[in-house]
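Biologist: Got a minute to go through this model with me? I'd like short answers.

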Amino acid sequence: MSEKRIYTFGNGKAEGKADMKNLLGGKGANLAEMNLIGVPVPPGFTITTDVCNEYFEKGKQQVVDLLKDDVIKSVKHIETLMNSKFGDIENPLLMSVRSGARASMPGMMDTILNLGLNDEVVEGLARKTGNECFAYDSYRRFVQMYGDVVMGMKPVNKEDIDPFEAIIIKVKKQRGISLDNEMNVDELKQLVAEFKAAIKEQTGFDFPVNPMDQLWGAICAVFDSWMNERAILYRKMEGIPAEWGTAVSVMAMVFGNMGKTSATGVCFSRDAATGENRFNGEYLVNAQGEDVVAGIRTPQQVTKEGSLRWAKQQSVDEKIRASKYPSMEEAMPEIFVQLNDIQDKLEKHYHDMQDMEFTVQEGHLWFLQTRNGKRTGTAMVKIAMDLLIEGEIDEKTALERCEPNKLDELLHPVFDKEALVSAKVLTRGLPASPGAACGQVVFFADDAAKWHDDGHQVIMVRIETSPEDLAGMNAAEGILTARGGMTSHAAVVARGMGKCCVSGAGAINVNYKNRTVDIDGVIIREGDFISLNGSTGEVYLGEVKTKPAEVTGDFAKLMDLCKKYTKLVVRTNADTPHDAEVARSFGAVGIGLCRTEHMFFENEKIKAMREMILSDTKEGRVQALEKLLPYQKQDFYGILKAMDGCPVNIRLLDPPLHEFVPHDIEGQKIMAKEMGIPVEEIQHRVNSLSEHNPMLGHRGCRLGNTYPEITAMQTRAIIGAAIDLKKEGYNPQPEIMVPLIGIVNEFDIQEEVIHSTAKEIFEKEGVEIPFKVGTMIEIPRAALTADIIAQKAEYFSFGTNDLTQMTFGYSRDDISSFLPVYLDKKILKVDPFQVLDQTGVGQLVEMAVKKGRATRPDLKCGICGEHGGEPSSVKFCHRVGLNYVSCSPFRVPIARLAAAQAAIEDDK
């Protein structure tokens, strides 16, 4: 690690810069960069992410000892620039302590403001500023924040409100006031005293009075927060490695709570929900930053346009809006001009949408943070394409700016317009994050997670959300809050997750103890259904019908851009014409896996299938297969037609036969009656099909080699359907895939059956169809002998689900019993069935491709496991020279973007 542990900034100078975010975290790097480009930033210093790793390796005390001299020196740097002294009674300097990892993690870690106050310093601050109310407001905020973050003062039960909030409510009730900023000096002093007493009672510790002790407590608390439950969960969700660590930025305090000429706010250079190019944000007069994001007071809009839009959404009369809720553009016009100029400067500097925090202290504007803003999938695509059109970025950068997995949000269902006409609107809040969400109401994060795990779709309803609610927000279909604006915690986190969110719905009255929400007289209980429209802010009673999304506009332009750069093409896994059509509309260029076994489970088909399986003679099996033939042919006809002109890779029957037979006595009786044999014979035959390890048993090519009549029937169906289509003027391109081979001899026998059957049909019909016969590489031995198999097989399709299972020796069906432990203990970094193991399974894939092409240079290779739609796995497939990946229809755009990014990365 770097021996330099602390980097200072301030007064237009900085030891760091924007490209040092791995060391300084995103916040620290951007604070340094803003200093260098002339943005007003309070002076401070950043402790590096390396120190965070040292903290957990060496322990708290050793790291404090390592840092002590540098921290004291850096505090003096701030004192010099601010012309004040930390801990001094007459001329006090207060500081803030903030977290900042290299990847943005909004709200997941801890922040402390107004650090350095005690009973003596607060009096000095009051004298220095001539504003006793401001001094004690800052003090009560500090005690509250420090007590929560550092000393662990939190609700005892989940139904309880925050203990500090309970005291605030009690004090405000004394005079019947409703807002925090209406409290007078005596009431603020009362809060400080009662806060300290409550901390002592609940934690057993006195509140620290020495400012340096406070500073070390805050620094260590920020490092500790890197390993808190919500931060760990967020990292898992976002794929952020624990070893990255967090930096700690310590800055001089600037105050938005000094009166009517002071304010605090959050703003975005573009709309983070829709991507529209309009400056927007929220602010509060006489407040501090946490007030805005926590949603305790519903804030006002920064721009007049935004304020008018807000008033329309909330049905607020223009006179009331202008007098009570004016925009910053109207109330602080000079500050607004500065703010607007700087946000434009920052977006142009970073060439991306910026999420900024600012404070106005007595008419002076300060920036506390800028970062590339979290955004919805819709906004991500629009912003990238708009910046491309505006000339801010090039085509390759536009593609790299888009996260493949976030495209999934654009494919989520939307409300059916006809259904909305008859839907009952309960209330309307702010459209904080777009989308359509239906589900059962729950009120607590742990309940949301549990209900979701039990198979329920849920809407989490809260007065306001906090970082502790992350697990519930992740599990919910949507989030509804009574408080908070467009920049509240709920709104920012929901947009980052791509979750539908309606915030600031003031008409809802949440009762946590009774688990009810009263919406204008309508009582909604836990478990009742509601629906949210995150695009309009409307809340509906019950479930509202949805319909599939369509690929249009900027999304379609992005897909066109992918096509321009991609080398690895994307097919789909589809078993029905409908799935094939959906995938083709998303840009799939063929079918990489058509599973024939999924076609047998409809009523008449399953009867014939069971008759074939339960027959104990070849004649009986052939007779049953003749019944199945027209069904199979019809299925293949539909799929080949839907993919006209594109290759369709059809896997011959793969699963163990026992999956198709009736295991219940009623089903066995019906089967016995239909076949005209005793039920005892059916039971005997069913029992004979039972295997100790069916995934390694009588399945795949072993079925076809044991019962070649099955392979012959399926070939007749595939080729017959293709011939019918060709006669109608279509261009079918069937590929027939032999599954689960481990030795080339298995393939040889199946290939002979396929080609001899096809030859008979061609001679009978007088028409020939070109087709390929290939195999699925899913057994390690097949990968090891790929050069021999390629002498016969015309293409390889890697079945990475089974290949992973057999390489690791993990059962896909049973891995859940130990996977969580393996992930926690870091034995595994990820679930290998979700993300391809590139060093083990990937090595087999790469070797098989090289060996196969050494024998057959034009060998076409692809993968068709679930990994085909996972971005990092797609990029690996590009690097090892596969021709295509195949994935489920709704993952096709994700795979296409990942493939384009892989090609761009390859050219660098």
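What follows is a quick chat about the cores, sheets, helices and a few single residues.

Modeller: Keep in mind that this is a predicted model. Where do you want to start?

Biologist: With the packing. How many residues are in the largest nonpolar core, and which have the most contacts inside it?

Modeller: The largest nonpolar core has 127 residues. Those with the most contacts inside it are Leu399, Leu407, Phe796, Phe798 and Leu882.

Biologist: Which helix gives the most to this core?

Modeller: Helix 28, residues 708-727, gives the most, with nine residues. Apart from that core lies another one, of 89 residues. Leu188, Ile240, Val250 and Met497 are among them.

Biologist: Back to leucine 882. What is it in contact with, leaving aside neighbours within four places in sequence?

Modeller: Leucine 882 is in contact with Leu568, Phe798, Val845, Val849, Arg853, Cys861, Gly862, Ile863 and Cys877.

Biologist: And helix 28, how many of its residues are buried?

Modeller: 15 of the 20, so helix 28 is largely enclosed by the rest of the structure. From first C-alpha to last, helix 28 reaches 28 Å. That is close to the 28 Å expected at 1.5 Å a residue.

Biologist: What follows helix 28?

Modeller: Glycine 729, with a positive phi near 95 degrees.

Biologist: Which residues other than glycine have a positive phi?

Modeller: Serine 315 is one of them, with phi near 55 degrees. Leucine 740 is another, at about 60 degrees.

Biologist: Where do serine 315 and leucine 740 lie?

Modeller: Both are in loops. Serine 315 is in the loop between helix 11 (304-313) and helix 12 (318-324). Leucine 740 is in the loop between strand 30 (733-738) and helix 29 (744-765).

Biologist: Is serine 315 buried or exposed? And leucine 740, buried or exposed?

Modeller: Serine 315 is exposed, because its relative accessible area is 66% and the cut-off for exposed is over 50%. Leucine 740 counts as buried, at 0% relative accessibility.

Biologist: New topic: asparagine 649. Where is it?

Modeller: Asparagine 649 is in strand 29, residues 647-651. Asparagine 649 counts as buried because its relative accessibility is 0%.

Biologist: What does the side chain of asparagine 649 make a polar contact with?

Modeller: The side chain of tyrosine 795, at 2.4 Å. Leaving aside neighbours within four places in sequence, asparagine 649 has other contacts too, including Arg571, Cys594, Glu735, Met737 and Tyr884.

Biologist: How far is asparagine 649 from phenylalanine 771?

Modeller: Their C-alpha atoms are separated by 10.0 Å. Along the chain, the two are 122 residues apart.

Biologist: Now sheets. What is the strand order in the open sheet of eight strands?

Modeller: The order is 15-25-24-17-18-19-20-16, with mixed pairing. Strand 15 (425-428) and strand 16 (430-433) stand at the edges. Each has a single partner strand, so one side of each is left without a neighbour in the sheet. Neighbouring strands are turned by 30 degrees against each other on average, direction ignored.

Biologist: What packs on that sheet?

Modeller: Helix 20, residues 489-497. Helix 20 touches strand 16, strand 19 (478-481) and strand 20 (500-503). Its direction makes about 45 degrees with that of strand 16.

Biologist: How do strand 17 and strand 18 run, parallel or antiparallel?

Modeller: Strand 17 (436-442) and strand 18 (458-462) run parallel, joined by three bridges. Valine 442 has methionine 460 as its bridge partner.

Biologist: What about strand 27? Which strands does it pair with?

Modeller: Strand 34 (884-887) is joined to strand 27 by four bridges, running parallel. Strand 28 (591-595) also pairs with strand 27 in the parallel sense, over two bridges. Threonine 572 has bridge partners in both: cysteine 887 in strand 34 and isoleucine 591 in strand 28.

Biologist: How many residues of strand 27 are buried?

Modeller: Four of the five, so strand 27 is largely enclosed by the rest of the structure.

Biologist: Last one. Which way do the residues of strand 3 point?

Modeller: Gly44 and Thr46 point one way, Phe45 and Ile47 the other way, and all are buried. Strand 3 pairs antiparallel with strand 1 (6-10) over four bridges. Four bridges also join strand 3 to strand 8 (246-252), again antiparallel. Phenylalanine 45 has valine 250 as its bridge partner there.

Note on methods: Residues numbered from 1 in each chain as written. Predicted model: local features only at pLDDT ≥ 70, side-chain atom pairs only at ≥ 80, totals over all residues. Heavy atoms only, no water. Buried < 20%, exposed > 50% of the residue type's maximum accessible area, 1.4 Å probe, protein only. Core = buried A, V, L, I, M, F, W, Y, C linked by side-chain atoms within 4.5 Å. Contact = heavy atoms within 4.5 Å. Polar contact = N/O pair within 3.5 Å; in protein donor to acceptor, adjacent residues only side chain to side chain. Pairing = 2+ DSSP bridges. Axes fitted to C-alpha atoms, helices over the stretch in contact; angles between N-to-C directions. Expected span 1.5 Å × (residues − 1).
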